[in-house]
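Thanks for coming, everyone. I'll take you through one protein today. Have a look at it first, and then we'll begin with its charged pairs.

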Amino acid sequence: MAILYNIATYIMSFFLWISQGFSKKMGLFVRGRQQTFSILKEKVQPADKTLWFHCASLGEFEQGLPIMEAIKKEHPAYKIVVSFFSPSGYEIKKNTPIADAVVYLPMDTMVTARKFVETIHPTAAFFVKYEFWPNYLFQLKKQGVHTVLISGVFRENQVFFKWYGGFMRKALQCFNHIFVQNKNSEKLLKEIGLTKVSVSGDTRFDRVSHQIEQDNNLAFMDSFKGDTLCVVCGSTWPEDDTVLLPFINNNPKVKFVVAPHQMDKGKISSFEKKLKHASIRYTQLDTKSGALAEASVLIVDTIGLLTKIYSYADVAYVGGGMGNEGLHNILEPATFGVPVVIGKNYDNFPEAERLQSLAGLFSIENTDECSAILKKLTTDRTFREKSGMIAGHFVNSNTGATHMVLDYFRNLKF
């Protein structure tokens, strides 16, 4: 199996290299990896003490961030290296101040994995939620690096739990400790002989719970919202726009903030043309004085503002679930006590499943269902406030994962 895996990795690398000519995203994916070792050579010296955090994309970075911040505070001498697999994580966080070096993770070949681990020579490595790259894990174990998984989630349909999953089970055994989000994950791992497992919950709860303590005031949102009910549609994709548009167009007395996940000018223009009421882009605020308060729809065509904007929401729609891109962070609006609406695809997001079971989150499958629940939430104040209270309590009652991981790290006494 190891031979087949390594052959497949080389074949995949070849096709990814070819694909860069057909996709801007794949171009970033390929060219970014060509810069990894030059960045590390500049940022990491042989005498440095380092910690490595690997995150698949932006959501996993947010899960790892509370751990990074706490460790950085307690151990400022350590350099933090963050690696991403996806361009959507790297391109947004490549300049994050929490890390001393941010890079794309090179493809998982035996030669590259050895070179990468030797170059950053980490004291400890943290993988966030998932992405189990066997050659990297084998190299970490070989070089004696303490390796931990944080906020892991496992399901019985994964390869680890199949009769043919021996190779991947061997990779999992390289972890010195695994912190999982729920009891079912712990049960599955113990059934295949992994006992160094703790149920910690999801570190993102700790991350978002601190947001309430921050200054979330935004002058442009004060002007836009005023005393009007506001629905914030965050991290939306075209599939989300399709189900949202009828309700937006039929409710001119409600204010809507739409924050697309991708800043694609063509898609934003297409969305604007379908709106029946006045809209304005965030990047136009300086040139269209006075138009903000009159607009029904504010399109946030920039990054970095959504978390604070959720504090102004009466209702939130979180994107990604209507298509196959992956549901975005529902905890960001929930922490402000805001009821959440999402699309139909959220099977791999246990926090969404749990909040739905409590009636703080509502999943829709089509335009009619979207309009129906948004109408209920915007017209029935008692229903809206009760759902929002459930969402806020859900976040507050599930914090503490960061402390568990930190206590473990402190006991290692590096």
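Let's start with a count. The rule finds 16 salt bridges here. Keep in mind that this is a predicted model. I'll pick out three of those pairs.

Pair one. E62 and R207 form a salt bridge, with 3.2 Å between the closest N and O atoms. Where do the two residues sit? E62 is in helix 4, residues 58–74, and R207 is in helix 10, residues 203–209. The two parts are 145 residues apart in sequence, so this pair ties together distant stretches of the chain.

Is E62 buried or exposed? The cut-off for buried is under 20% relative accessible area. E62 has 13%, so E62 counts as buried. R207 has a relative accessible area of 28%, which makes R207 partly exposed.

Pair two. D202 and R204 meet through their side chains in a salt bridge, at 3.0 Å from N to O. Both D202 and R204 are buried.

Pair three. D314 and K225 make a salt bridge through their side chains, at 3.2 Å from N to O. D314 is in the loop between helix 15 (306–309) and strand 12 (315–318). K225 is in helix 11, residues 219–225. Those parts are 89 residues apart in sequence, so again a salt bridge ties them together. How accessible are the two partners? D314 is partly exposed, with a relative accessible area of 21%. K225 is at 15% and counts as buried.

One more point on charges. Which residues are joined into one network by salt bridges that share partners? They are E62, E69 and R207.

Now the domains. The domain assignment gives two pieces. Domain 1 is made of 21–26, 39–202 and 399–411. Domain 2 covers 216–397. Their C-alpha centres lie 31 Å apart.

How do the domains meet? On the domain 1 side, 8 residues are in contact with 9 residues of domain 2. A word on the next number. The size of an interface is often given as the accessible area lost when the parts come together. Here, domain 1 and domain 2 bury about 710 Å² between them. Carbon and sulfur atoms account for 46% of that.

Which three residues supply most on the domain 1 side? I92, R155 and T399 do. Together they give 51% of the area that domain 1 buries against domain 2, more than any other three residues.

What about charges and polar groups across this interface? The salt bridge count between domain 1 and domain 2 is 0. The rule does find 3 residue pairs in polar contact there, with both residues at pLDDT 80 or more. And the make-up of the touching side? Domain 1 brings 2 nonpolar, 4 polar and 2 charged residues to the side that touches domain 2.

Last stop: one serine. S185 is in helix 9, residues 183–191. S185 has a relative accessible area of 0%, so S185 is buried. Which residues does S185 touch? Leaving aside neighbours within four places in sequence, S185 is in contact with G152, V153, F154 and V180. Look at F154 in that group. A polar atom of the S185 side chain lies 2.9 Å from the backbone nitrogen of F154.

To recap. The count is 16 salt bridges, with 0 of them between domain 1 and domain 2. That interface has 3 residue pairs in polar contact, and about 710 Å² is buried there. That's my tour. Over to you.

Key:
Residues are numbered from 1 along each chain as its sequence is written. This is a predicted model: local features need pLDDT of at least 70, side-chain atom pairs count only at pLDDT 80 or more; totals for chains, interfaces and linings use all residues. Side-chain values use heavy atoms; hydrogens and water are left out. Domain bounds come from an automatic or database domain assignment. Contact means heavy atoms within 4.5 Å. Buried area is the accessible area (1.4 Å probe) that two parts lose on being put together, summed over both. A salt bridge is a side-chain nitrogen of Lys or Arg within 4 Å of a carboxyl oxygen of Asp or Glu. A polar contact is a pair of N or O atoms within 3.5 Å; within protein, one must be able to donate a hydrogen and the other to accept it, and residues adjacent in sequence count only if both atoms are side-chain atoms. Ala, Val, Leu, Ile, Met, Phe, Trp, Tyr, Cys and Pro count as nonpolar, Asp, Glu, Lys and Arg as charged, and the others, Gly among them, as polar. Helices (H or I, at least four residues) and strands (E, at least two) are DSSP runs, numbered from the N terminus. Buried means under 20% relative accessible area, exposed over 50%, partly exposed in between (1.4 Å probe, protein chains only).
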